[in-house]
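Here are some notes to read alongside the sequence and the structure, set out as numbered points. Please keep the display open and find each residue as it comes up.

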Amino acid sequence: MIDIVAVLRAEDAVLDFLSVLADSGPADSGPADSAPADRQERSREVHVLFGDTAEHLVLPADLPLTERLAAVARHVRPVDESAASPGPEALAALIEAAARGAEARLWTHSPADTRRSRGRLGRDAAAAVAPGGPAVLHAVGHSPYLQFISDVDRPLDREEVGAKLGFVNRNCGHLLRTGSAEYVVQTGRVHATERFFEAGPAEERERLFALLASLDEDAATVADPWEFAASAYEAERLDATVAWIAGHCPPGSGPLVEAGACEGALTTRLADKGFTVHATEPNAAFRRRLTERVADTARVRPDSLEELAAGQGLPGAAYLLIEMLYYGQDLALLDRLPADLVFVALEPETLATRLTPWLASTPHWEKADETRLVAPALETVCGGRAYLGKRGSVGVLLRRTGA
């Protein structure tokens, strides 16, 4: 059995995969993989693939861990924000060269690693494996927003933790000091227990990758990336949002302009209630799915919030800014929207830190209503592979003052 570790950068091989470099688990991935007492005395051959440089490091069988770490240390580089996955094709060639037709396992980053450079490499490495190729295991890695159901847990003993800390202190001082969110080494990124999950279907990996993409174009690589269709929490939130809007601006009182409609989860509910809806979505992939979904029940446009505020001529009885003011938009844009009512929905913390202070300082808007739409909840995602906390949602109706 050959272990292949595919990482973005050299330090990742130690921070997330030291147990693999130490070959601290038996060949199978059963329950014994989580017990330090069951570890093998004889180490296996390990191949480390560095995605940022396309280098291939071979660590021969029986090479002591101290020498393995010294070999990896020679590949540690300065912070490089441009470091990126070389792509599935290049990784496939590296993996094939490492395996040489032998039985192998591939260990790589999680597609949902919050460090997007690592998440992309993990997704690409799994996609690079041909049918019948090495089994793929993903490190949970850096995941402050998700809790994973892992398949293999490897707690390190004190000696191994000491080796990991020593590697960081000797070779990664620049990463302890850097301000880069992608590269900074903090306590939470130096794991005492390394956790892994097996690669499921490609759809699961793509969903994990898209889930962490936020407004990045990668969010649209799968349909319904935030799983509105399957989520009880999201269904409650959307239904409550429709009822809240209808209570203040009933159907027939004029068109609603929904900014950032995504794939139409809210749009279709509003149309079903008899509202006239102008749905805007600047992301081309989301807009295509939105258009297919709403068919003739709503009008679809590509406008962003900034374009709507720039005088694109789309007046309405009210504007809907539902769960979309999280990305640093200038709230002064609301002053230029051609409507006297704006429905805003946000999670409570963002409401308190962003919208409420702005509302207290602007003479142009007043709060006409505040309603809790849904309470916080914990919910599984990606077929139960992980779970996360949904933060709740509060609706605030803004009315123009005429000042």
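**Notes on the predicted model**

1. Aromatic pairs make a good starting point, and the structure, which is a predicted model, holds 7 of them. In one such pair, phenylalanine 148 and phenylalanine 197 are stacked, with 4.9 Å from centre to centre and 15 degrees between the planes. Phenylalanine 148 belongs to strand β6 and phenylalanine 197 to strand β8, so the pair ties together parts that are 49 residues apart in sequence. With a relative accessible area of 4%, phenylalanine 148 is buried, and phenylalanine 197 is buried as well, with a relative accessible area of 1%.

2. Tryptophan 244 and phenylalanine 343 form an aromatic pair that is edge-to-face, with 5.0 Å between the centres and 90 degrees between the planes. Because tryptophan 244 lies in helix α9 (residues 232–248) and phenylalanine 343 in strand β13 (residues 341–346), this pair ties together parts that are 99 residues apart in sequence. Are these two residues, tryptophan 244 and phenylalanine 343, buried or exposed? Both of them are buried. One further group deserves a look in the display: Phe17, Trp107 and Phe196 form one aromatic cluster.

3. Phenylalanine 196, a member of that cluster, also leads to the strand pairing, since it lies in β8 and stands opposite alanine 139. As general background, strands of a sheet pair through backbone hydrogen bonds, and they may do so in a parallel or an antiparallel way. Strands β5 and β8 run antiparallel and are joined by 3 bridges. Strand β8 also pairs with β7 (residues 152–155), again in the antiparallel sense, over 4 bridges. Within β8, glutamate 194 is the bridge partner of arginine 154.

4. Which strands form the open sheet, and in what order? The order is β6-β16-β15, a sheet of 3 strands with antiparallel pairing. Strands β6 and β15 stand at the edges, each with a single partner strand, so one side of each is left without a neighbour in the sheet. Between β15 and β16, which run antiparallel, there are 5 bridges, and threonine 380 stands opposite tyrosine 387 in β16.

5. Tyrosine 387, found in strand β16 (residues 386–390), is also worth following to the surface. Its relative accessibility is 34%, so tyrosine 387 counts as partly exposed. Together with Ile149 and Leu378, Tyr387 forms a nonpolar patch on the surface, and the three have about 310 Å² of accessible area together.

6. Helix α8 (residues 202–211) has 7 of its 10 residues buried, so this helix is largely enclosed by the rest of the structure. The buried residues are Glu204, Arg205, Arg207, Leu208, Phe209, Ala210 and Leu211. They pack against one helix, α5 (116–128), and against the strands β5 (135–139), β6 (147–148), β8 (193–198) and β15 (377–381).

7. The charged residues come next, and it helps to remember that side chains of opposite charge can pair when their charged atoms come close. The structure holds 28 salt bridges. One of them joins glutamate 45 to arginine 100, with the closest N and O atoms 3.5 Å apart. This pair links distant parts of the chain, 55 residues apart, for glutamate 45 sits in the loop between α2 (18–21) and β2 (46–50), and arginine 100 in the loop between α4 (88–99) and β4 (104–108). Glutamate 45 counts as partly exposed at 22% relative accessibility, whereas arginine 100 is exposed, with a relative accessible area of 55%.

8. Salt bridges also occur between buried residues: aspartate 113 forms one with arginine 115, the closest N and O atoms being 2.8 Å apart, and both of these residues are buried. In another, the side chains of arginine 237 and glutamate 234 meet at 2.7 Å, N to O. Arginine 237 counts as buried at 6% relative accessibility, and so does glutamate 234 at 7%. Both lie in helix α9, 3 residues apart, about one turn of the helix. Elsewhere in the list of charged pairs, Arg9, Glu11, Asp12 and Arg118 are joined into one network by salt bridges that share partners.

Notes. Residues are numbered from 1 along each chain as its sequence is written. This is a predicted model: local features need pLDDT of at least 70, side-chain atom pairs count only at pLDDT 80 or more; totals for chains, interfaces and linings use all residues. Side-chain values use heavy atoms; hydrogens and water are left out. Buried means under 20% relative accessible area, exposed over 50%, partly exposed in between (1.4 Å probe, protein chains only). Helices (H or I, at least four residues) and strands (E, at least two) are DSSP runs, numbered from the N terminus. Contact means heavy atoms within 4.5 Å. Patches are made of residues with over 30% relative accessible area and no salt bridge: like charges are joined within 9 Å, nonpolar side chains (Val, Leu, Ile, Met, Phe, Trp, Tyr) within 5 Å. Accessible areas come from the Shrake-Rupley method with a 1.4 Å probe; for residues, only the protein chains shown count as cover. A salt bridge is a side-chain nitrogen of Lys or Arg within 4 Å of a carboxyl oxygen of Asp or Glu. Two strands pair if DSSP finds at least two bridges between them. Rings of Phe, Tyr and Trp (its six-membered ring) pair if their centres lie within 6.5 Å; planes under 30 degrees apart count as stacked, over 60 as edge-to-face and the rest as tilted.
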